[in-house]
Structures are given as structure tokens and as C-alpha cells.
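Please open the structure in a viewer and keep the sequence beside it. The tour below proceeds one selection at a time.

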Amino acid sequence: MYKIKKLIMNTKIYPLLLGIVAIVLFSNCESNTEDIIPEPQEEASEPITSLSFEETYAFEANLLGGPHIGMTNSTSENSLFISSRENEPSGNTTEEEVFKLNLDNNQLIRKNTSPGGFITKQLKIINDQLVSIGGTELKIYDLNLQNEPSSIEYQNNFTLSKYGVASDDTNTYIIGGYRVDTPTRENTKIHKLNINSGELFEEIIETPETMVGASGAISNNKLYVFGGATYENLTEGTNKIYIYPLDNSQNYEELNMSVTADVTFVQKYGDIILIAGHKGLYVGERTSFIGTFNTATNLFQEIDTNLNSEGGEKAIHQMIVKDDKIFILYGHPDDVIVGLESEWSILSADLK
């Protein structure tokens, strides 16, 4: 009798237990469903539509201008660096002059080294050293500019002029320019700089034409190159955008900007690319521009600025991005033959 009563009691309790288990399981399923709902995505940053520049520093120097000046920045030093070949009034002696502007106290240091080497200079900081990429050699400076630089000469008379640069966290790429050491002077190559290798310039990309004065930026394992002129027509800038993959593929895309440019200076900023430059480098009135390129949509857009070209005399001659600010080198070189010095301005504007 006892066994029968126990069985009856368990039979009554069993459905109740099933109901409780079902409720718990259903509740857990609801909880898990809520957990896998994707969170709202962070909104994209506001597009840059205008820039208001202010003068950070002004100085006089006999800079060559155009595509021949290098510019970079150091976060650890909170400083800007500029490099150019400078000619003495006699025309017989050349020097490379490097400027370091400390943004904390606006102190400007100049370092002159002779001989100045071939005309074009580009600057990059590699392994906590300032590397001036010249047309015939590398000059390597300490960031304090106190010591004489060391040099690495290029082999086999390799000589480049009017080339641009692009960098990511690991590599520096030399974009175009023409080969002074060859009979045709053509250069349909983009090189990777291998500073610690016997093959200093590694050919990695074949380009459709010899581009001069064009610079680029790297995003999503692609190299984006903007503007510049072709060697066959140096006095006429282009509005071309070339997109080269860095995965050893030979395919590339060709797009267009809404402006033409004899020379460009290019920096990646977040999910966009900033492009600055000017036309009228060789003939006509100088006209500067700044634009953005969206790599997600492949759209170029020009930005309004308060820059004053003073009747076409002044223009952008370099640009970098540092700490949500854009810095440009603004001015125009005077006649180096008579030894005149120009006034140059470093202008800055907030990007946010």
C-alpha cells in the first residue's frame, strides 16, 4: 500500500516539475537571444568640409619648394622636421638643411650638412632616427640634430628626382619620380625602401606611366597615389588616382579627383585619406587645394579653406597630420640664383 501511494504522489508531482523545467529553459533561451543581438555600431566621424588655418611659425629660408621638400613629425619629440637642399648664392656649394620645430616651445633648430646631394628630399622617422631620403643617398640623423648624419649611398649611380613617398607602420615606399641615371629617364616603378638590406630599393609595383610629384598613402593593404604630372608632360598636372594592391597582384584601379595637381602631399587620417597640393608649379598661377578621399566609397571631395595664395604667389609645399591637426608648409621659393630668401609659414588647422 505504501508503494502504491508513493507512485501516485510522484505521478502528480512529475507534470509540475516538467512545467518548472520548461519555464526555466524558455527563460534561458530568451536570455541567450538577447545576448546575441548585435550592439549598435558607432557612428562614423563627421566629414571634414572646411579647415581654418592659423600660423604656427614663420621663418626665412632658401628652400627649393615644389616636390623637393621633405616633412615629417615625431610624437616622442613633439616636433616637426623639414628637409630641403639649399643653394649658396655662388651656386658652387650645396647644403642639405634640416629644420626641427619643437611644438611645445616653438624653438627652431637648423642643421646644415654639405654636400647637399641631389635635389629632392623626403623625410621619414625609422627606428627612432630621422631618415632623409635623397636622390642619390640616405642621410640618417639623430632626432636631436646634434651630431653629423651618417650616409648610405645608392649603388650603380641610381638617381631619382621628384618622387613621392607613402608609409605604413612597417614600410616606406618610394613613388615614381624619374631616373636621372638612365637615357630615357623613365621610371615605371614603385620601390620599397629596405634600409637594413643590401637591396636598398626593392621594385614591387609596375606603374602604367612615369609619375612625378605624386605622393600616396596606405590603407587596407592598398597604396593610393594622387595627382602629379607625367614625365612626358611635366608642366601639366593630372587628376589621376591610382590604387595599387600590396599583395603582389598586378591589377590596379584608376580613378579621378575633381582637381588637377602638379604636386601632392598625402596622409592617412583615420578611415579617410587627406590630400594637399597645388597646380601652377611650373607655369600659370599657383592654386592650392586640400581634399579627402573615402576608401570605402572611393569618393574624392575638396575641402574649403581660408588659405590666401596672395595672387597665386604662395602655395602648399608639404603637409603632415599630427594629433588631430593638419600642418602645411606654405610659401614660395625666391630666385636661388641671386640668393634671396623667402618667408615660409607653418600653418595648422584642427581636424576635429
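**A sheet of four strands**

Begin with the open sheet of four strands, whose order is S23-S24-S25-S26 and whose pairing is antiparallel. Its edges are strand S23 (263-269) and strand S26 (299-302), each of which pairs on one side only. On average, neighbouring strands of this sheet are turned by 25° against each other, direction ignored. The model on display is a predicted one.

Next, select strand S24 (residues 272-279) together with S23: the two pair in the antiparallel sense over seven bridges. To look at one of these positions, select threonine 264, whose bridge partner in S24 is glycine 277.

**An enclosed strand**

Now move to strand S9 (residues 137-141). Are its residues buried or exposed? Five of the five are buried, so the strand is largely enclosed by the rest of the structure. In a regular strand, side chains alternate between the two faces of the sheet. On one side of S9 select Glu137, Lys139 and Tyr141, and on the other Leu138 and Ile140; all are buried, and both faces are thus covered.

Add strand S8 (residues 129-134), which pairs with S9 in the antiparallel sense over four bridges. A hairpin joins S8 to S9 through two residues, and isoleucine 133 has leucine 138 in S9 as its bridge partner. Then add strand S10 (residues 150-153), which also pairs with S9 in the antiparallel sense, over four bridges. Here lysine 139 has serine 151 in S10 as its bridge partner.

**A buried threonine**

Select threonine 72, which is placed in strand S3 (residues 70-74). Its relative accessibility is 9%, and because buried means under 20%, threonine 72 counts as buried. Leaving aside neighbours within four places in sequence, the residues in contact with threonine 72 include Ser79, Phe81, Leu123, Ile125 and Ile320.

**Aromatic pairs**

How many aromatic pairs does the structure hold? There are twelve. One is formed by tyrosine 154 and phenylalanine 158: the ring centres are 6.0 Å apart and the planes stand at 70°, so the pair is edge-to-face. Both tyrosine 154 and phenylalanine 158 are buried.

Keep phenylalanine 158 selected and add phenylalanine 201. Their ring centres are 5.0 Å apart with planes at 25°, so this pair is stacked. Phenylalanine 158 lies in the loop between S10 and strand S11 (160-161), and phenylalanine 201 in strand S16 (residues 201-206), so the pair ties together parts that are 43 residues apart in sequence. Both phenylalanine 158 and phenylalanine 201 are buried.

Finally, select Tyr57, Phe59 and Phe99, which form one aromatic cluster.

Conventions. Residues are numbered from 1 along each chain as its sequence is written. This is a predicted model: local features need pLDDT of at least 70, side-chain atom pairs count only at pLDDT 80 or more; totals for chains, interfaces and linings use all residues. Side-chain values use heavy atoms; hydrogens and water are left out. Two strands pair if DSSP finds at least two bridges between them. Axes are lines fitted to C-alpha atoms, for helices over the stretch in contact, and angles run from 0 to 180 degrees between N-to-C directions. Buried means under 20% relative accessible area, exposed over 50%, partly exposed in between (1.4 Å probe, protein chains only). Contact means heavy atoms within 4.5 Å. Rings of Phe, Tyr and Trp (its six-membered ring) pair if their centres lie within 6.5 Å; planes under 30 degrees apart count as stacked, over 60 as edge-to-face and the rest as tilted.
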